[in-house]
Amino acid sequence: MNIDVPRQELALCSAIAEGDIRCLLMVLVHMSGDERWLEPPYRPKRDVRLIPDPDAGVPPDIQDEIRQAILKLFARGNPKPVIADPGEELLLKMMRTCLGENVAPEYAPLMREEMGFVAREARWSRRPSDATLARQHVLIVGAGVCAIALAVTLSHLGIPYTIVEKNAELGGTWYVNRYPGCGVDTPNHSYSYSFGSRNPWTRFFCQREELLDYLRKVAAEYGIREHLRLSTELTSSRWDEGRQRWVSTLRTKDGEETFESTALVSAIGQLNDPSRVRFKGDEEFGGLIVHPALWSEDIALDGKRVAVIGTGATAMQLVPAIADRVASVSVFQRTAQWARPVKGYSDPISERARWLLAHLPFYVQWYRFNMFWRYGDGLLPFLRKDPAWPYPDRAVNKGNDRHRQELTDFILSELNERPDLIAKCVPTYPPYGKRILLDNNWFRTLRRPNVELVTDDIDHFSGDGIVTADGRERPFDVIVVATGFRVTEMAARLEITGRGDVNLRDKWANDNPTAYLGLTVPEFPNFFCMLGPNAGPAHGGSVIFQSECQSRYISACLVEMIERGLGAIDVRQDVLDDYVRRVDTEHEAMIWTHPGMTTYYRNKSGRVFSAMPWRFVDYWRMTHDPDLNQYRLTATH
Ligand code: NAP
């Protein structure tokens, strides 16, 4: 990422005006080695907003000094950084200055890795022979973000793998979901891998096409397609104890075949099985009924009367994206939603800012750090129940109550002249009790003359539309059933049978999946489920970060197995039981067990089975270096 001076000097001169002062300061420390840039008067002010102002509260004359110092450094040719890897102590100091807050020391080793100053992937202590490696094979099911992360890790280690994907293209969620407005609500610079070429994101929160394109680029960069079998569905898998192999059945366009592997990884994620809620009379409806995850490009909405059932993340993206081109849209809301405003949510990233991200050394790492932090663990304390808090119905602690007030004020300001909507839109449960949503012009869209928010219960579908409990019929051409996903089954959908003929579905009692670290299950040797039980980020963060933590853990397990000549490992039941106890205890103290709302994080008995209760830094530490004493080990037969 060296700047080709002087050809690019002009570009830097022009771009620097739009640089984020926090990141420019850190670039100065790396390039000059001068720590005075971490002291007053240069220190940025704390700003916890999701997209902060780039001037960082630094006075204009000091900003100028910082920019001039950068220009001077890069005017001297292609400078080498004085500090390429700051080490943990200096990194912590830099992080604290960059954010203007007292970052806890345990984040330093995590961020040192996340920012690429030290390698993340597991290493061999002695590389095995090619013949030994050739006896290994990892079968990865699903070709979304998790599979790509793991594939890259396995490639580095030289461990053979195959990815099978039932769809005709890789990308998982971002390939399947193509409803209007579909995009990410974690900022791209944190919702992207820590490795590989940096993507020139055009927005802070991009749409699915750009994400899919990014995943394709990563796959090309790491030669993943050679290991990828598209339109190939795993229909079942059985552990063969004698041969220490998973024996899987694959369905392809040419029929069924058997595939053997030494390890099996479910990378199908949590949110890919649309919950096709049935409504009384839905077979009578003469128009189109569609779930957003089953959208196809030929669905025409222009000028149509559209119903959208549900007000989750999907509806929140879909409705504002279609409202100006449909004749009308009626949103059927069962529960009101809290949504955080984000200034600049739909803004493009300017050419100049993109130039800095692409060319100025260290700038992109610090930009990524900022995004990681702002969408990271910061919210978690506001989600913890305070037993002494006197108003537990409306909030779980004082800070949560402050958020409640701010978010309520936001709703009121967005809906100021519509008391009818205000009455329907201010939730009664504590903020963030359901999945956190970012406002995508949701409330403003509800104010449009062609948009109606219906809070009466749906009684049934008629031939022409939807009839609510009050007997009123509304006619529609298209009904979008944005009712979410079936989450409880997770990897059990793959019909996996472990040691002793135990089916994963039975092991998980159909509705209560558990796995050590959200990854491994007793009696299912050499099997890992990525983004499995209690591994879904719920307080913020990025699924891609989770996928990298899990890839590191899985590959480190495989490295140790191979080096120690182990043919099978499965986690001990007592280790899992203890982990589940700790997860449940933690969740009891968290907002997601609050009785005031339902969430898809909980199963029928109310247990939170999908969301992770830990800080990201804790999960990173837990998954960094596997302890095989926690496993039952079987030597290679
Ligand atoms: P969801 O969050 O589960 O929301 C489903 C909605 O349907 C809820 O409003 C629910 O009401 C309603 N609903 C369910 N059954 C119903 C019924 N029988 N009658 C009436 N209403 C019913 O699903 P989602 O919006 O598809 O989002 C799922 C997850 O996908 C998100 O939480 C997120 O993790 C992911 N996602 C992410 C993005 C993004 O990154 N931007 C976008 C889309 C999806 P209740 O609230 O009353 O249950």
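The exercises below, each with a worked solution, concern a predicted model.

**Exercise 1. Helices H2 and H12**

Task: Work out whether helix H2 is parallel, antiparallel, perpendicular or oblique to helix H12, and list the residues that make the contact.

Solution.
- Step 1. Locate the two helices: H2 covers residues 21-32, and H12 covers residues 363-374.
- Step 2. Take the geometry of the pair. The axes lie 8 Å apart, and the packing angle is about 135°.
- Step 3. Classify the angle. H2 is therefore oblique to H12, because an angle counts as roughly antiparallel over 145 degrees and as roughly perpendicular from 65 to 115.
- Step 4. Give the handedness: H2 passes H12 in a right-handed crossing.
- Step 5. List the contact. H2 supplies Arg-22, Cys-23, Leu-24, Met-26, Val-27 and His-30, while H12 supplies Tyr-363, Trp-366, Tyr-367, Asn-370 and Arg-374.
- Step 6. Sort these residues by class: seven are nonpolar, two polar and two charged.

**Exercise 2. Helices H2 and H4**

Task: Repeat the analysis for H2 and H4.

Solution.
- Step 1. H2 and H4 pack with their axes 9 Å apart, at an angle of about 155°.
- Step 2. Angles over 145 degrees count as roughly antiparallel, so H2 is roughly antiparallel to H4.
- Step 3. The two helices cross in a right-handed sense.
- Step 4. From H2, the residues Arg-22, Met-26, Val-29 and His-30 meet Met-94, Thr-97 and Cys-98 of H4.
- Step 5. The classes in this contact are four nonpolar, two polar and one charged.
- Step 6. Look back at the H12 contact: Arg-22, Met-26 and His-30 of H2 are among its residues too.

**Exercise 3. Helices H4 and H5**

Task: Determine how H4 is oriented with respect to H5, and which residues make the contact.

Solution.
- Step 1. H4 runs over residues 87-99 and H5 over residues 107-114.
- Step 2. Their axes come within 9 Å and cross at roughly 95°.
- Step 3. The range from 65 to 115 degrees counts as roughly perpendicular, so H4 is roughly perpendicular to H5.
- Step 4. On the H4 side the contact is made by Gly-87, Glu-88, Leu-91, Leu-92 and Met-95; on the H5 side it is made by Tyr-107, Ala-108, Pro-109, Met-111 and Arg-112.
- Step 5. These divide into seven nonpolar, one polar and two charged residues.

**Exercise 4. Two loop residues**

Task: For Arg-198 and Glu-489, find the loop, decide whether the residue is buried, partly exposed or exposed, and name the residues touched.

Solution.
- Step 1. Arg-198 is in the loop between helix H8 (173-176) and helix H9 (208-221).
- Step 2. The relative accessibility of Arg-198 is 31%, so Arg-198 counts as partly exposed.
- Step 3. Leaving out residues up to four places away in sequence, Arg-198 touches Tyr-193, Val-364, Gln-365 and Arg-368.
- Step 4. Glu-489 is in the loop between strand S17 (478-481) and strand S18 (496-497).
- Step 5. The relative accessibility of Glu-489 is 12%, so Glu-489 counts as buried, the cut-off being under 20%.
- Step 6. With the same exclusion, Glu-489 touches Asp-273, Arg-505 and Trp-508.
- Step 7. Add a distance for each. Arg-198 and Leu-494 are 34 Å apart from C-alpha to C-alpha, with their places 296 residues apart in sequence. Glu-489 and Ser-236 are 14 Å apart from C-alpha to C-alpha, and 253 residues apart in sequence.

**Exercise 5. Backbone exceptions**

Task: Describe the backbone at Pro-41, Met-490 and Asn-526.

Solution.
- Step 1. Recall the usual case: most residues other than glycine have a negative phi, and most peptide bonds are trans.
- Step 2. The bond joining Pro-40 and Pro-41 is cis, with omega about 10°. Pro-41 is in the loop between H2 and helix H3 (60-75).
- Step 3. Met-490 is not a glycine, yet its phi is positive, about 45°. Met-490 is in the loop between S17 and S18 and counts as buried at 4% relative accessibility.
- Step 4. Asn-526, also not a glycine, has a positive phi of about 55°. Asn-526 is in the loop between helix H16 (504-507) and strand S19 (527-529) and is buried, with a relative accessible area of 2%.

**Exercise 6. Cysteines**

Task: How many disulfides are there?

Solution.
- Step 1. A disulfide needs two cysteine sulfur atoms within 2.5 Å.
- Step 2. The count is zero disulfides.
- Step 3. Take Cys-557 as a case: the nearest cysteine sulfur belongs to Cys-529 and is 12 Å away.
- Step 4. Cys-557 is buried, with 0% relative accessible area. Cys-425 counts as buried as well, at 2%.

Methods:
Residues are numbered from 1 along each chain as its sequence is written. This is a predicted model: local features need pLDDT of at least 70, side-chain atom pairs count only at pLDDT 80 or more; totals for chains, interfaces and linings use all residues. Side-chain values use heavy atoms; hydrogens and water are left out. Axes are lines fitted to C-alpha atoms, for helices over the stretch in contact, and angles run from 0 to 180 degrees between N-to-C directions. Helices (H or I, at least four residues) and strands (E, at least two) are DSSP runs, numbered from the N terminus. Angles under 35 degrees count as roughly parallel, over 145 as roughly antiparallel, 65 to 115 as roughly perpendicular and the rest as oblique. A crossing is left-handed if the near helix is turned anticlockwise from the far one by less than a right angle, and right-handed if clockwise. Contact means heavy atoms within 4.5 Å. Ala, Val, Leu, Ile, Met, Phe, Trp, Tyr, Cys and Pro count as nonpolar, Asp, Glu, Lys and Arg as charged, and the others, Gly among them, as polar. Buried means under 20% relative accessible area, exposed over 50%, partly exposed in between (1.4 Å probe, protein chains only).
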